[in-house]
Amino acid sequence: MADREKDMGAAGVLELYELHYSDLLLLSSTSPVPEEGEERVEKIKKTIMETLGPTGPGLLSITGVPKASILRQRLLPLARKLALLDHDRRKHILKEHNLGSDVPLKNPDRNVSSFAMQLKYAQALESALVKTNNGPRCNSNLEPAHMDDNNNEVTDSLENEFENLADTFRELGYCMMELGLRVAQICDMAIGGQELERSLLESGTAKGRLIHYHSVLDNLLVKASGRRKGSTKKQAHCEKNQVLLSRSEQKQSKRCNLITNGNEVGSSGNQGNLWQQWHYDYGIFTVLTAPMFLMSSQLTENTATDQFPVSCDQDCACPTGHSYLQIFDANKNDVFMVKTSSESFIIQVGESADILSRGKLSSTLHCVCRPPNFENLSRETFVVFLQPAWSKTFSISDYNVQHGMSGHHSSNEGNGHTELDFNEAAQDIHKIVPPLSSRLKDGMTFAEFSRETTKQYYGGSGLQSNS
């Protein structure tokens with residue numbers, strides 16, 4: 001039994017198909033392709049549809065996006081800084097930059113902090129047009145003051161580090177919306193019509209979310225900060241000792257050399273090892289940055305004082321190159337850990353694209369797992385959700401709502417698993433993921449579909465964790 005549990009908890013590695021930005025521009029253009037390049041272009045289009053379709057994993061990566069690296073480097077570290085701020089100061093900063101949250105930030109037990117903004121397609125298209133006409137460039141207001149020896153941006157003080165938060169959020173968000181629109185155009189060409197692109201543009205906006213996945217240490221810091229007001233000197237001392245004790249237990253893991261055995265990264269069935277439970281995104285596409293991992297540095301005696309530190313971290317390479325995004329591949333009936341480069345973006349298919357394409361695109365069942373043995377490691381990412389208009393009506397008369405996790409089962413001999421193991425793992429995921437057939441009815445609007453999906457995942461049934 002122990003061996004079987006170990007096998008079920010292991011995850012294979014999925015290296016994403018990489019589409020270069022220059023090819024994305026070429027494939028989504030309406031201009032004719034030179035004759036000598038036609039065969040290559042058709043081959044790439046076919047690969048994209050196979051990758052995003054029912055025989056593929058439902059996600060791919062885009063590389064070579066101009067200025068993406070510097071925007072990612074500026075924005076992602078702010079996720080943890082915002083998450084660990086005093087509630088009143090954070091509220092002031094979010095209001096100043098027109099950001100909200102879909103996570104209860106007063107909850108000290110939260111495992112995720114999220115900061116959201118609605119992004120308009122009109123501005124995204126304008127930004128893409130400027131980039132096309134004038135060449136790739138960053139907003140001049142976002143140029144860094146100076147860089148350190150490791151090419152990391154250095155800010156002058158804690159007071160001005162959030163100064164360009166909204167501008168950076170929007171600029172990176174617009175860039176990611178452009179990527180999603182171009183992928184939609186390519187898929188529409190292969191499927192026929194303009195259903196995906198039109199559905200995105202009709203919605204008017206996309207939702208951007210800057211997300212901080214808390215380390216265990218972060219949770220202790222948040223709790224200590226929340227209790228600090230009005231606490232006695234003795235209570236503050238106890239809280240400080242609790243945090244320092246947790247940090248001392250991590251001395252062996254404080255290096256950024258995060259080498260982990262590929263067969264021991266995460267678990268498909270243990271919610272305690274997940275930052276985010278198994279689910280499908282219900283929009284059209286989800287566009288994600290490659291995550292950034294922050295390792296908290298050594299705590300000091302001032303950690304539990306009123307000067308709460310929000311900069312005690314350093315950027316680390318992804319553990320073994322993994323994103324710690326896991327997917328369930330229905331065709332292989334197995335769980336895979338997604339591997340991608342830090343310079344890339346991930347495009348992931350949502351259920352609405354699956355429905356609107358009549359199954360020619362396949363939505364991705366996924367979760368986010370915690371790296372084992374690194375309790376002071378946090379994960380930062382930026383996500384843009386592209387979805388249809390709330391009034392969009394779904395017709396499913398010729399769409400199979402029963403497909404999905406059933407997939408094509410195989411024995412997968414030689415990789416240490418048995419078909420029984422895979423079926424048991426799939427059954428565990430089935431228990432927490434409500435089937436599409438229970439959430440989607442013919443004639444539903446996207447608003448009704450999203451409301452029913454949210455209800456079944458997070459509502460009275462208790463299928464999912466609110467974190």
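This report walks through the overall makeup, the nonpolar cores and one helix pair of a protein model.

The model is predicted. Its secondary structure comes to 13 helices and 16 strands. Of the 467 residues in the protein, 52% are buried. Among contacts with a separation of 6 or more, 81% join residues 24 or more positions apart. The accessible surface is about 21300 Å², and carbon and sulfur atoms hold 48% of that area.

Now to the inside. The two cores in the table are separate from each other.

| Core | Residues in core | Some members |
|---|---|---|
| Largest nonpolar core | 73 residues | including L82, M177, F285 and L440 |
| Second core | 21 residues | including L274, F293, C367 and I429 |

In the largest nonpolar core, L361, F382 and L386 are also among the residues that touch the most other members. Helix 7, residues 165–191, supplies the largest share of this core, with 14 residues. If you would like one residue to look at, try L386: leaving aside residues up to four places away in sequence, its partners include Y121, M177, L181, L200 and F285.

Helix 7 also meets helix 3, which spans residues 38–52. Two packed helices are described by the angle and the distance between their axes. Here the axes come within 10 Å and cross at roughly 100°, so helix 3 is roughly perpendicular to helix 7. On the helix 3 side, the contact involves K45, I48, M49 and L52. Their partners in helix 7 are V183, I186, C187, M189, A190 and I191. By type, the residues of this contact are 9 nonpolar, no polar and 1 charged.

Key:
Residues are numbered from 1 along each chain as its sequence is written. This is a predicted model: local features need pLDDT of at least 70, side-chain atom pairs count only at pLDDT 80 or more; totals for chains, interfaces and linings use all residues. Side-chain values use heavy atoms; hydrogens and water are left out. A nonpolar core is a set of buried Ala, Val, Leu, Ile, Met, Phe, Trp, Tyr and Cys residues joined through side-chain atoms within 4.5 Å. Buried means under 20% relative accessible area, exposed over 50%, partly exposed in between (1.4 Å probe, protein chains only). Helices (H or I, at least four residues) and strands (E, at least two) are DSSP runs, numbered from the N terminus. Contact means heavy atoms within 4.5 Å. Axes are lines fitted to C-alpha atoms, for helices over the stretch in contact, and angles run from 0 to 180 degrees between N-to-C directions. Angles under 35 degrees count as roughly parallel, over 145 as roughly antiparallel, 65 to 115 as roughly perpendicular and the rest as oblique. Ala, Val, Leu, Ile, Met, Phe, Trp, Tyr, Cys and Pro count as nonpolar, Asp, Glu, Lys and Arg as charged, and the others, Gly among them, as polar. Accessible areas come from the Shrake-Rupley method with a 1.4 Å probe; for residues, only the protein chains shown count as cover.
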